[in-house]
Amino acid sequence: MVKKSSMAVAKRFKGFFCIQPTLDYRDVHMLYREPGILTGYRPARKSFVYYIASIFQLHNETVNIWTHSVACFIFLYKLHHILQSSNFDTDCEALPLVGFSVCVIISTFLSALTHTFLSKSPLCHYMCLLMDYAGVGIYGLGKCILFFNISSPPDVFRNMNWIYLPYNVVLSWVVMCGCCIAKLFYRRPYPFKRKFFQLGSGGLHALLGGIPMALRFVYCFVDDDCEIASLNHHVLWMITMIVSLFFFSSNLPEKKFPGKFDYFGQGHSIFHVIISYTILLQYRAAYIDMENGDGTRWKCHPVRAVTLFISILVYCIGCVVIIFILRKYVTKRIESDEKQQH
Ligand SMILES: [Zn+2]
């Protein structure tokens, strides 16, 4: 009897790992359609096992799942390396690197999870995307933790240290809320003001969160003896960040060539690759700052593990509360999507 039922389970799983047929855009709900993507859609209303198995099959989300999964694995390896090779009593830079790596791992994991399950049902689609936006916010928080503690000038650190982390937790919530509003309260064709919420909130975080680092460049610029060894890396990650945002917001190249990039080369996949490279550049820039500084005046600023842990925890609890508050808007949006479909 046991043998029979285990064989039935094995048979079922074997079925999931076979190549599953995908659908044309006309056969899926409007909610799941992406501009310029004509084929390769997974069917909705399947089991969770089906979507997990789909990670290993070819459809129009496969590359999106894997690009951020690879970034997640790279940062798991980096975290393991820091934990193994650092002395946390003496290496002041180890904790910011750990904080940044943890934030990137959470962010890329949530992104891969979102792309895996967003075709399952309308509720799953919206809830996954809200979690993905929480991931966007936590990446911003991690970046600020990294650069504030490793790359900011000493007097800026002294004056802003008491407020910088709470201020960044709030800015990260603003990023998440901006993305959630852009998704829940606007529909295609999107008006321009949607960009204000989607990109404006992220831009606000980048600008306000980046003040300490910007001041470092200003100080160095007016000081003849100052040299920043990581300057190339800092400039490069800013450029790649802008390029990645272009692909994130434009749906290019598939919008110009519908059906040609259904599986490989979608703008969103390019965004994933470039933003992952940007994150690696940021890590490298901080590493160079840690090794070189900008002369005798620079040194890493100590941070307490408990402070980092509480900041990340408070941010995550806040995200759960925001998602809980937004649930009723998700329900309303799903109802209005249904009306539009019929
Ligand atoms: Zn994505």
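**Close-up views of a helical chain**

**View 1. Helix α6 passes helix α11 in a right-handed crossing.** The model shown here and in the other views is predicted. Helix α6 covers residues 154-184 and helix α11 covers residues 305-341, and their axes come within 10 Å and cross at roughly 20 degrees. An angle under 35 degrees counts as roughly parallel, and α6 and α11 are therefore roughly parallel to each other. On the α6 side, the contact is made by Leu 165, Val 169, Ser 172, Trp 173, Met 176, Cys 177, Cys 180 and Leu 184. On the α11 side, the contact is made by Thr 307, Ser 311, Val 314, Tyr 315, Gly 318, Cys 319, Ile 322, Leu 326, Tyr 329, Val 330 and Arg 333. By class, the contact of α6 with α11 has 14 nonpolar residues, four polar ones and one charged one.

**View 2. Helix α6 also packs with helix α7, residues 193-209.** The axes of α6 and α7 come within 7 Å and cross at roughly 165 degrees. That angle makes α6 roughly antiparallel to α7. The crossing of these two helices, α6 and α7, is left-handed. From α6, the residues that meet α7 are Asn 168, Leu 171, Ser 172, Val 174, Val 175, Gly 178, Cys 179, Ile 181 and Ala 182. Facing them in α7 are Arg 194, Phe 197, Gln 198, Gly 200, Ser 201, Gly 202, Leu 204, His 205, Leu 208 and Gly 209. The residues of the contact of α6 with α7 divide into nine nonpolar, nine polar and one charged. Ser 172 of α6 is among the residues listed for the contact with α11 and among those that meet α7.

**View 3. Helix α4 packs with helix α11.** Helix α4 covers residues 94-117, and the axes of α4 and α11 are 10 Å apart, at an angle of about 20 degrees. That makes α4 roughly parallel to α11. The crossing of α4 and α11 is right-handed. Leu 95, Gly 99, Val 102 and Cys 103 of α4 make the contact with Ala 305, Leu 308 and Ile 312 of α11. This contact of α4 with α11 has six nonpolar residues, one polar residue and no charged residues.

**View 4. The loop between α9 and α10 holds a cis peptide bond and a positive phi.** Most residues other than glycine have a negative phi, and most peptide bonds are trans. Asn 251, found in the loop between α9 and α10, has a positive phi of about 55 degrees although it is not a glycine. Asn 251 is partly exposed, with 17 other C-beta atoms within 10 Å. A cis peptide bond joins Leu 252 and Pro 253, with omega about 15 degrees. Pro 253 lies in the loop between α9 and α10.

**View 5. Phe 264 lies in the loop between α9 and α10.** The helices flanking this loop are α9 (231-250) and α10 (267-292). Phe 264 is exposed, because 11 other C-beta atoms lie within 10 Å and 12 or fewer counts as exposed. The C-alpha atoms of Phe 264 and Thr 62 are separated by 8.8 Å, although these residues are 202 residues apart along the chain.

**View 6. Ile 242 is found in helix α9.** With 11 C-beta neighbours inside 10 Å, Ile 242 counts as exposed. Leu 130 is 112 residues from Ile 242 in sequence, and the two are 23 Å apart in space, C-alpha to C-alpha.

**View 7. Arg 45 lies in the loop between α1 and α2.** Helix α1 spans 2-16 and helix α2 spans 48-53. Arg 45 is not a glycine, yet has a positive phi of about 60 degrees. With 9 C-beta neighbours inside 10 Å, Arg 45 counts as exposed.

**View 8. The protein chain as a setting for the close-ups contains 11 helices and zero strands.** The C-alpha atoms of the chain fill a box of roughly 70 × 55 × 40 Å, taken along the principal axes. The chain has a radius of gyration of 22 Å, which agrees with the value near 20 Å for a compact globule with 342 residues. Of the 342 residues, 39% count as buried. Among contacts between residues at least 6 apart in sequence, 76% join residues at least 24 apart.

Technical notes
Residues are numbered from 1 along each chain as its sequence is written. This is a predicted model: local features need pLDDT of at least 70, side-chain atom pairs count only at pLDDT 80 or more; totals for chains, interfaces and linings use all residues. Helices (H or I, at least four residues) and strands (E, at least two) are DSSP runs, numbered from the N terminus. A residue is buried if 20 or more other C-beta atoms lie within 10 Å of its own, exposed if 12 or fewer, and partly exposed in between; C-beta atoms are placed from the backbone. The radius of gyration is taken over C-alpha atoms; the globule rule is 2.2 Å times the number of residues to the power 0.38. Two residues are in contact if their C-beta atoms, placed from the backbone, lie within 7 Å. Axes are lines fitted to C-alpha atoms, for helices over the stretch in contact, and angles run from 0 to 180 degrees between N-to-C directions. Angles under 35 degrees count as roughly parallel, over 145 as roughly antiparallel, 65 to 115 as roughly perpendicular and the rest as oblique. A crossing is left-handed if the near helix is turned anticlockwise from the far one by less than a right angle, and right-handed if clockwise. Ala, Val, Leu, Ile, Met, Phe, Trp, Tyr, Cys and Pro count as nonpolar, Asp, Glu, Lys and Arg as charged, and the others, Gly among them, as polar.
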